[in-house]
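Let's take a walk through this protein together. Please have a look at the model first, and then we can go through it step by step.

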Amino acid sequence: MVNHINNTTRPKLHGSTPMKKALKSFDKNAMEKLGLEIIPPDEICLKPELLK
């Protein structure tokens, strides 16, 4: 669920995602160790079904 939320574009980030911003500051390996990954925009699901 966290990956889906953090891969959603935000107007406050000028159309970027929190995940893309984080990758500019943190090592990709560290992100992977935390279980964070980039999800393509057409695969993002922000519906309750994601929690099942």
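The paragraphs below go from the overall fold to one helix and then to the surface.

Keep in mind as you look around that this is a predicted model. Its secondary structure consists of three helices and zero strands, and along the sequence you will meet them in the pattern α-α-α. The C-alpha trace spans about 30 × 25 × 15 Å along its principal axes. Among contacts with a separation of 6 or more, 48% link residues that lie 24 or more positions apart.

How much of the protein counts as buried? Of its 52 residues, 19% do. For a closer view of some buried positions, turn to helix α2, which covers residues 18-25. Here Pro18, Met19 and Ala22 are buried. Looking down the axis of α2, you will find that its buried residues fall within an arc of 95°, so they line one face of the helix. And what covers them? The cover over the buried residues of α2 includes α1 (2-6) and α3.

Now let's move to the outside. The accessible surface of the protein comes to about 4300 Å², and carbon and sulfur atoms account for 58% of that area. One place to pause is a nonpolar surface patch formed by Met1, Ile5, Leu46 and Leu51, which together have about 420 Å² of accessible area. Leu51 sits in the segment after α3 (28-33). Is Leu51 buried or exposed? With a relative accessible area of 60%, Leu51 is exposed, because the cut-off for that label is over 50%.

Terms used
Residues numbered from 1 in each chain as written. Predicted model: local features only at pLDDT ≥ 70, side-chain atom pairs only at ≥ 80, totals over all residues. Heavy atoms only, no water. Patch = residues over 30% accessible without salt bridge, like charges linked within 9 Å, V, L, I, M, F, W, Y side chains within 5 Å. Areas by Shrake-Rupley, 256 points an atom, 1.4 Å probe, with all protein chains shown as cover. Salt bridge = Lys/Arg side-chain N within 4 Å of Asp/Glu carboxyl O. Helix = DSSP H or I, 4+ residues; strand = E, 2+ residues; numbered from the N terminus. Buried < 20%, exposed > 50% of the residue type's maximum accessible area, 1.4 Å probe, protein only. Arc of directions from axis to C-beta. Contact = heavy atoms within 4.5 Å.
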